[in-house]
Amino acid sequence: MRAEWGGCRGDGLRADRVGRRTDGRLILDGVVLAPEPGSTVGVLGPNGSGKSTLLRLLAGLLTPTAGIVTLDGTPLGDLPRRTVARRLAVVEQQSDTQVELTVEDVVRLGRIPHRRAWTPASADDERAVRAALERTGLADRADRRWHTLSGGERQRVQIARALAQEPRELLLDEPTNHLDIHHQLGLLALVARLPVTTVVALHDLNLAAMYCDRVVVLCAGRVVAGGTPADVLTEELIAEVYGVRAAVHPDGPDGRPHVRFLGTLDRATAGADPPR
């Protein structure tokens, strides 16, 4: 299997052999990621494989200890934070607030990178908020209180908030965690239709196969495979990376693979070391 995926030329968000050490421990090692503009890329891997760390490096929330993350060829660390915030939007696993906000209030937070401090919302701000609410199917809930929403609705509001930023790149860290199947499918269908470049960390292999154009698999901080879901999600890779026996069938939508799990393998260190 390939040790890296993608290149580092052209416009957009790029990670070129990035690494990250924390307290002397290697979290990521030589990761290359170069999403095609407008595509949806799934980042897969077992717990502790480095998915969230990679998303935080791409967002500029962490600094790589090796390699570089660039935006249109410029190192992310050399760009003003406001410039990055106008281009990149991030949706975390879960969000909460102790302040009594409406759905519209939360979505309007996405306009902060486009406004000067203490200035009122402009016509462009209000247009972007309305467009984000409509695209996410929340226009009729604009006046609802945040605390009255279900988990799935809250995640949609966070995506609407991200869209109000009018980003070109969208980063989502396990956005389907804690959601039921109905909301998982609805959320990822929405994300896949968005006219932005999306990088999404996922646990569920079948959801990745259904909604991602390409996937990259991390194991112990290294990229061990990348390509289309049909090319990557093989029985051999699932056994090596996850320590699970699986049957993979090309019977999903548009011939995309469907994974049926058969049981765990007797391998105590499954996922601890990248396959060779």
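The exercises below, each with a worked solution, concern a predicted model.

**Exercise 1. Helix 5 and its partners**

Task: Determine at what angle helix 5 packs against helix 6, and which residues meet.

Solution:
1. Two packed helices are described by the angle between their axes and the distance between the axes.
2. For helix 5 (151–164) and helix 6 (residues 181–193), the angle is about 10° and the axes are 10 Å apart.
3. Angles under 35 degrees count as roughly parallel, so helix 5 is roughly parallel to helix 6.
4. The crossing of helix 5 past helix 6 is right-handed.
5. On the helix 5 side the residues are Gly152, Gln155, Arg156 and Ile159; they meet His183, Leu187, Leu190 and Val191 of helix 6.

Task: Describe how helix 4 packs against helix 5.

Solution:
1. Helix 4 covers residues 123–135, and its packing angle with helix 5 is about 140°, with the axes 8 Å apart.
2. Helix 4 also passes helix 5 in a right-handed crossing.
3. Ala128, Ala132 and Arg135 from helix 4 make the contact with Ala160, Leu163 and Ala164 from helix 5.

**Exercise 2. The nonpolar cores**

Task: Find which residues of the largest nonpolar core touch the most other members, and which helix gives the most to this core.

Solution:
1. In soluble globular proteins, nonpolar side chains tend to be buried together.
2. The largest nonpolar core here has 52 residues, and the members touching the most others are Leu44, Val107, Val157, Ile159 and Leu170.
3. Helix 5 gives the most to this core, with six residues.
4. Take Val107 as a case: leaving out residues up to four places away in sequence, Val107 touches Val129, Ala132, Leu133, Val157, Ala160, Arg161 and Ala164.
5. A second core, separate from the largest, has 25 residues, including Leu55, Leu58, Leu79 and Val84.

Task: State how many residues of helix 1 are buried.

Solution:
1. Helix 1 runs over residues 51–59 and is mostly covered, with seven of its nine residues buried.
2. These are Lys51, Thr53, Leu54, Leu55, Leu57, Leu58 and Ala59.
3. Just after helix 1 comes Gly60, with a positive phi of about 80°.

**Exercise 3. A glutamine in a loop**

Task: Locate Gln165, decide whether it is buried or exposed, and list its contacts.

Solution:
1. Gln165 sits in the loop that joins helix 5 to strand 7 (169–173).
2. Its relative accessibility is 7%; buried means under 20%, so Gln165 is buried.
3. The Gln165 side chain reaches the backbone oxygen of Ala85 at 2.7 Å.
4. Apart from neighbours within four places in sequence, the contacts of Gln165 are Ala85, Arg86, Leu88, Ala89, Gly110, Arg111, Pro113 and His114.

**Exercise 4. Positive phi outside glycine**

Task: For Arg17 and Glu174, give the phi angle, the place in the fold and the degree of exposure.

Solution:
1. Most residues other than glycine have a negative phi.
2. Arg17 is not a glycine, yet it has a positive phi of about 50°.
3. Arg17 belongs to strand 1 (residues 13–22).
4. With a relative accessible area of 48%, Arg17 is partly exposed.
5. Glu174, likewise not a glycine, has a positive phi of about 50°.
6. Glu174 lies in the loop between strand 7 and helix 6.
7. Because its relative accessible area is 3%, Glu174 counts as buried.

Key:
Residues numbered from 1 in each chain as written. Predicted model: local features only at pLDDT ≥ 70, side-chain atom pairs only at ≥ 80, totals over all residues. Heavy atoms only, no water. Helix = DSSP H or I, 4+ residues; strand = E, 2+ residues; numbered from the N terminus. Buried < 20%, exposed > 50% of the residue type's maximum accessible area, 1.4 Å probe, protein only. Polar contact = N/O pair within 3.5 Å; in protein donor to acceptor, adjacent residues only side chain to side chain. Contact = heavy atoms within 4.5 Å. Core = buried A, V, L, I, M, F, W, Y, C linked by side-chain atoms within 4.5 Å. Axes fitted to C-alpha atoms, helices over the stretch in contact; angles between N-to-C directions. Parallel < 35°, antiparallel > 145°, perpendicular 65-115°, else oblique. Left-handed = near helix turned anticlockwise from the far one by under 90°.
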